[in-house]
Amino acid sequence: MLQESRISKIFNDIALLLIMFSLIFYLRCIFRIHRETLISITFAAGILCTVVLVYIVAALSRQIKTDTASITFLLLTSLIMLLIWNYYVQARPVSDYRVLWEGAGQIVDGTFHERALRKDDYFCMFNYQIGYAFYLSILFRLFHGSLAAAKIVIIIVIALTNIIIYKTLRLYTGIRTSLCGATLFMCYPFIFMGSGILNNSHEAMLFEALAVYMYLKYADNLNFNRWYVWIITGLFLYLAVFMRPTAIVIVIAIFILSILKALLYRDKAYILIAVITITAYLIINSAVNNIFIASGLAPYGLNTNNLWFKLSLGLTGNGITNQYTTSAEYTNLYYDLKFYGFNYDAYKAAAQNYINTILRTKTFDIIKFVYRKMVYFSGSFDNQFGYIGIDFARRYPVMINILNISGICIYFLSVLFSGIRCCTRKILRLNEIALPALIFGGYFITYILFETQTRYRYEQYYMLFLMAVPAMSNLWRRFKS
């Protein structure tokens with residue numbers, strides 16, 4: 001028993017070291033990028049708005065005493081706030097979002113199959129996007145091509161995610177703490193500013209949140225009569241990956257945590273959780289992939305086949321032929337493939353050789369590029385606001401700046417208090433810390449290797465709130481006492 005305890009302590013120390021390294025790196029990057037603007041009037045206004053927001057959230061939470069009232073408040077407030085924001089913003093699909101919406105319309109009118117077959121087409125090169133385009137086609141068909149109606153569905157998805165974060169926090173904190181955390185997340189500019197964008201992060205995050213909730217609710221209280229819970233969890237995980245393939249990080253995190261808990265704490269129930277969840281995920285993945293191939297919507301399947309391209313972008317910022325993207329459909333990958341006559345096998349062989357060569361001959365250059373990339377990714381403003389359209393940004397530049405600074409303030413606080421939470425508890429012993437920390441770290445490692453944009457932090461925001469909110473609450477109680 002002593003040996004087992006010593007091993008678990010070693011693993012906990014390793015986990016703490018890794019997560020604190022990433023969190024401290026994020027804090028340093030945020031301060032490094034924004035230190036020169038800390039004394040500006042706009043930055044002061046953003047900080048003031050954040051303080052006022054926190055005060056309002058704390059004051060409102062005193063008036064709401066029950067779970068039903070909390071959920072009703074979150075749902076109605078989310079819907080009203082997001083509807084008002086999108087009414088004034090009037091975002092139109094641009095870049096990849098335009099291509100996805102057009103693809104949805106082609107699925108409805110029956111012309112999509114022809115373009116999905118073409119080796120030079122967007123949906124052949126980025127075949128993993130077909131899943132989200134298919135989802136959009138359902139909305140396109142239901143609402144007769146109404147973009148406004150599709151946006152309302154996205155608003156509902158975000159509102160439901162706000163309720164799920166409340167329910168998840170409620171598993172291990174009180175009503176007021178959970179409501180404060182969920183309300184602050186609801187008002188988080190880096191989330192709601194992009195709510196009018198046809199962004200697969202919104203739907204993927206809902207299913208990711210549901211999978212995390214299921215795991216945290218049932219993993220430590222396993223009832224063998226409820227084995228179906230893990231099939232449902234596997235389904236949620238697949239739907240998240242179907243919408244956004246990067247959700248595979250959460251699948252891996254749940255599997256790794258379950259195996260670690262089984263080995264460190266001799267809990268065989270976690271083996272059952274891992275086996276049922278991953279088996280359900282793999283079976284659903286295979287079945288849906290085969291259905292899409294047979295239907296002709298995804299003749300080459302839904303699973304991504306361009307990881308070498310993502311790796312090239314992640315390590316160098318460009319494709320292997322050093323030709324730059326000119327539009328959403330004519331990307332670095334398009335020009336790379338064109339160079340090889342759209343022979344995907346030839347391209348993959350060349351890309352593999354290229355990556356191996358630069359890793360050997362340009363190691364220092366790659367390290368410098370990756371470091372600069374991760375500093376910007378970890379510390380800069382979320383770039384979702386850049387996709388809402390230039391008209392709104394030109395009309396209200398001060399508002400956009402203040403919202404971005406408020407977003408950075410909340411982001412900084414969530415990273416800081418996540419670190420406090422991790423330092424004051426045994427990480428691997430508590431699933432409510434271990435799972436969000438593992439997912440956060442998983443995305444950090446993933447984006448070291450692959451392409452990054454600051455809007456890709458979407459899932460990390462959610463995990464930071466799960467870790468930070470209880471620490472914020474504890475500090476507030478100590479401050480009051």
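Here is a short conversation about the cavities and salt bridges of this predicted model.

Visitor: How many cavities of 30 Å³ or more does the count come to, and what volume does the largest cavity have?

Guide: Happy to start there! The count of cavities of 30 Å³ or more comes to two. The largest cavity has a volume of about 60 Å³.

Visitor: Which elements give two or more residues to the lining of the largest cavity?

Guide: Let's look at the lining residues. Among them are Leu-307, Trp-308 and Phe-309, along with Leu-333, Leu-337, Tyr-344, Tyr-347 and Lys-348. Met-125, Asn-305 and Asn-306 also line this cavity. The elements that give two or more residues are helix 15 (307-316), helix 16 (332-339) and helix 17 (344-361).

Visitor: How many nonpolar residues does the lining of the largest cavity have?

Guide: Tyr and Trp count as nonpolar here, as do Leu, Met and Phe. Beside the nonpolar residues, the lining has two polar residues and one charged residue. The number of nonpolar residues is eight.

Visitor: Turning to charges, how far apart are the closest N and O atoms of Asp-67 and Arg-170?

Guide: This pair links distant parts of the chain, 103 residues apart. Asp-67 is in helix 3 (residues 67-89), while Arg-170 is in the loop between helix 8 (147-169) and helix 9 (175-186). Asp-67 is partly exposed at 28% relative accessible area, and Arg-170 is partly exposed at 27%. In their salt bridge, the closest N and O atoms are 2.8 Å apart.

Visitor: Is Arg-115, which forms a salt bridge with Glu-329, buried or exposed?

Guide: Good one to check! Arg-115 lies in helix 5 (residues 112-117) and Glu-329 in the loop between helix 15 and helix 16, so their salt bridge ties together parts 214 residues apart in sequence. Glu-329 is partly exposed, with a relative accessible area of 26%. The cut-off for buried is under 20%; Arg-115 has 9%, so Arg-115 is buried.

Visitor: Which residue forms a salt bridge with Lys-310?

Guide: Lys-310 is in helix 15, and the pair links parts of the chain 141 residues apart. Lys-310 is buried, with a relative accessible area of 18%. The partner is in the loop between helix 21 (431-449) and helix 22 (458-480). With the closest N and O atoms 3.0 Å apart, that partner is Glu-451.

Visitor: Which residues do salt bridges that share partners join into one network?

Guide: In total, the count comes to 10 salt bridges. Some of these share partners, and the network includes Arg-115 and Glu-329. The residues joined are Arg-98, Glu-102, Arg-115, Arg-118, Asp-120, Asp-121 and Glu-329.

Note on methods:
Residues numbered from 1 in each chain as written. Predicted model: local features only at pLDDT ≥ 70, side-chain atom pairs only at ≥ 80, totals over all residues. Heavy atoms only, no water. 1 Å grid on protein atoms, 1.4 Å probe; cavity = no way out; pocket = protein on both sides within 12 Å on 5 of 7 lines; lining within 4 Å. Points joined across faces, edges and corners; volume = space filled by probe spheres on them. Helix = DSSP H or I, 4+ residues; strand = E, 2+ residues; numbered from the N terminus. Salt bridge = Lys/Arg side-chain N within 4 Å of Asp/Glu carboxyl O. Buried < 20%, exposed > 50% of the residue type's maximum accessible area, 1.4 Å probe, protein only.
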